[in-house]
Amino acid sequence: MRTNGERWSGWLDGGLLAGAVTATGASTVSIWWALPAIGAAFLAGWRMDRVRWAVVVLAAMVAVGVAAALTVPAWMVRGTSFLSLVVCAGMAPWMAGRFWRQSQELVRAGWDRAERLEREQQLVAEQARLRERARIAQDMHDALGHDLSLIALRAGALKLAPDLAPTHREAAQEIRKGAGAAVERLAEVIGILRDEADEAARGPADAGVAQLVEEAAAAGLDVRLTVTGAADGLPRAAEHAAYRVTQEALTNAAKHAPLAPVTVRVDHTPDGARIRVVNGPSPVGPTAAPGGGGRGLIGMAERVRLAGGTLRHGPRADGAGFEVLAHLPRSGAAIAAAPGPAPVSPAHELSRARRRVGRMMAATVLVPLVTVLVLTGVLRGWTIYSAGRAVLDPADYASLRVGQDRATVQRFLPDHQFPYHPSVGNPPPRGEGVTCEYYAITAEPFSNDRSGDAYRLCFQGGVLISLDTLVA
């Protein structure tokens with residue numbers, strides 16, 4: 001559903017495009033209309049998100065101009081002028097507007113990337129601080145916990161001394177209790193500072209996966225669990241990775257295909273564990289890829305890798321749903337991560353952006369230029385072809401006389417007329433029933449003195465009433 005702002009923006013873009021078309025057409029009458037046409041075309045190119053309609057309109061205008069120039073002889077000059085205006089006052093400013101828009105978008109993208117890199121650097125620094133904090137906490141736990149345990153042990157031994165006074169025995173008991181309580185409180189505080197993953201990687205995998213499936217089924221997900229073999233000897237990291245793989249796969253299935261059936265299969269073999277979670281296509285629409293930019297799948301793959309396993313995920317081969325497949329070995333030896341796409345350096349992205357701007361700049365210049373050359377070649381070729389079929393030999397023209405009847409004149413005329421009517425200050429004769437015909441003087445395109453010139457023969461009542469030579 002489009003918002004009111006989007007509607008107004010669409011209407012404004014359409015109005016600018018229509019204004020550019022109208023002003024370009026009016027420019028054939030008065031060249032001053034070319035100025036508003038240039039402005040409207042530039043603004044349309046700068047504002048429009050989609051170029052399809054603009055391309056369609058430009059193509060239609062070019063087609064109209066070409067058709068007018070080639071099919072209606074009287075419109076040859078006006079059609080050629082219209083094509084020139086379409087290219088110069090329409091296409092070129094519109095391309096310039098597109099170039100300006102993309103340049104601005106490139107600048108904004110550069111600033112956005114700089115801000116994103118700054119935020120990423122802050123996150124990296126914060127993660128480094130958290131890791132160092134967890135390391136210090138672990139060191140404190142090991143050192144202080146050991147010392148406090150020794151204090152409690154010594155206080156307990158002191159309490160059992162036979163020659164100790166009752167008051168001193170009670171003091172030793174209090175010291176022992178205080179040291180024990182301090183060890184417990186230290187463990188709680190250090191537990192908060194430790195990495196969450198270290199604390200979560202406890203507990204058997206089978207019970208955790210079964211509990212996940214039960215909770216998902218209780219929430220309304222159509223899920224089935226199958227477990228084969230025993231998990232004896234599976235490393236704790238592999239157990240935790242199996243739990244997290246199942247948890248993330250069920251979360252994605254519930255989020256992106258809530259009505260689709262889901263099957264969870266855990267196979268324990270002598271080599272390790274194999275977890276396969278498959279959901280079918282959603283009855284309410286196509287199965288979507290996991291959301292959140294794929295962060296859940298990335299974290300899942302990292303957990304499996306650290307456990308020494310492999311992970312595959314994606315649409316099923318038959319296209320019916322989504323599949324997550326993990327293999328976790330019993331050896332627990334970590335393997336290298338599968339090579340991913342190489343990170344794109346800022347310098348490489350800058351080089352790509354510069355090439356894109358260069359291509360757009362070249363297109364801004366070359367597209368209108370090539371269009372002009374192609375249209376000029378087409379019109380010129382059509383003129384040469386038409387002139388070749390409509391050449392009236394100068395000697396035959398010299399034998400014609402005013403007052404001759406049409407049958408006498410027809411013997412000297414070619415089969416076709418010249419479609420181009422030179423614009424001269426000598427208008428044809430007026431009168432009822434007057435018709436004029438035009439014939440080329442020469443078909444040579446590089447003839448400096450006669451190329452484009454034409455003979456005009458006007459008839460009235462089947463009698464030749466005027467003979468004129470029109471100079472282009």
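# Notebook: strands, cores and two cross-links

I started at the hairpin of β4 and β5, where six residues sit between the strands and Gly 319 takes a positive phi near 80°. Note to self: this is a predicted model.

**Around β5.** I followed β5 outward from that hairpin. β4 (residues 310–315) pairs with β5 in the antiparallel sense, over six bridges. I looked up one of the partners: Leu 311 is bridged to Ala 326 in β5. Then I checked β3 (residues 272–279), which runs antiparallel to β5 and is joined to it by eight bridges. There, Val 278 stands opposite Glu 323 of β5. How many of the eight residues of β5 are buried? I got seven, so I put strand β5 (residues 322–329) down as mostly covered, using the cut-off of under 20% relative accessible area for buried.

**Cores.** Next I pulled up the largest nonpolar core, which has 29 residues. The ones that touch the most other members are Val 223, Leu 250, Val 262, Val 264, Ile 275 and Leu 328. I listed the elements giving two or more residues to this core: α7 (205–218), α8 (236–256), β2 (262–268), β3, α9 (295–306) and β5. Which of them gives the largest share? That is α8, with seven residues. Apart from this core I found another, of 21 residues, including Met 48, Met 95, Leu 375 and Leu 379. In general, nonpolar side chains tend to be buried together in soluble globular proteins.

I picked Val 264 for a contact list, leaving aside neighbours within four places in sequence. Val 264 is in contact with Val 209, Val 213, Val 223, Arg 224, Leu 225, Thr 226, Thr 246, Leu 250, Arg 276 and Val 277. So the list has Arg 224, Thr 226, Thr 246 and Arg 276 in it as well as nonpolar residues like Leu 250, since contact here just means heavy atoms within 4.5 Å.

**The β6-β7-β8 sheet.** I moved on to an open sheet of three strands, in the order β6-β7-β8, with antiparallel pairing. Its edge strands are β6 (434–440) and β8 (463–470), each pairing on one side only. On average, neighbouring strands here are turned by 20° against each other, direction ignored. I noted seven bridges between β7 (residues 454–460) and β8, which run antiparallel. Cys 458 stands opposite Ser 466 in β8.

**Disulfide.** That cysteine sent me to the disulfide search, which finds one in the whole structure. Which cysteines form it? Cys 436 and Cys 458 do, with their sulfur atoms 2.1 Å apart. Cys 436 is in strand β6 and Cys 458 in strand β7, so the pair ties together parts 22 residues apart in sequence. I read a torsion of about 100° about the S-S bond, so the disulfide is right-handed. Are the two ends buried or exposed? Cys 458 is buried, at a relative accessible area of 0%, whereas Cys 436 counts as partly exposed at 23%.

**Aromatic pair.** Last lookup: the structure holds one aromatic pair. The rings belong to Tyr 397 and Tyr 455, with centres 3.9 Å apart and planes at 10°, so I logged the pair as stacked. Where do these two sit in the chain? Tyr 397 is in helix α11 (residues 394–398) and Tyr 455 in strand β7, 58 residues apart, so I marked the pair as a link between distant parts of the chain. I looked up accessibility too: Tyr 397 is buried, at 15%, and Tyr 455 is buried, at 5%.

Methods: Residues numbered from 1 in each chain as written. Predicted model: local features only at pLDDT ≥ 70, side-chain atom pairs only at ≥ 80, totals over all residues. Heavy atoms only, no water. Buried < 20%, exposed > 50% of the residue type's maximum accessible area, 1.4 Å probe, protein only. Helix = DSSP H or I, 4+ residues; strand = E, 2+ residues; numbered from the N terminus. Pairing = 2+ DSSP bridges. Axes fitted to C-alpha atoms, helices over the stretch in contact; angles between N-to-C directions. Core = buried A, V, L, I, M, F, W, Y, C linked by side-chain atoms within 4.5 Å. Disulfide = S-S within 2.5 Å. Phe/Tyr/Trp six-rings, centres within 6.5 Å; stacked < 30°, edge-to-face > 60°.
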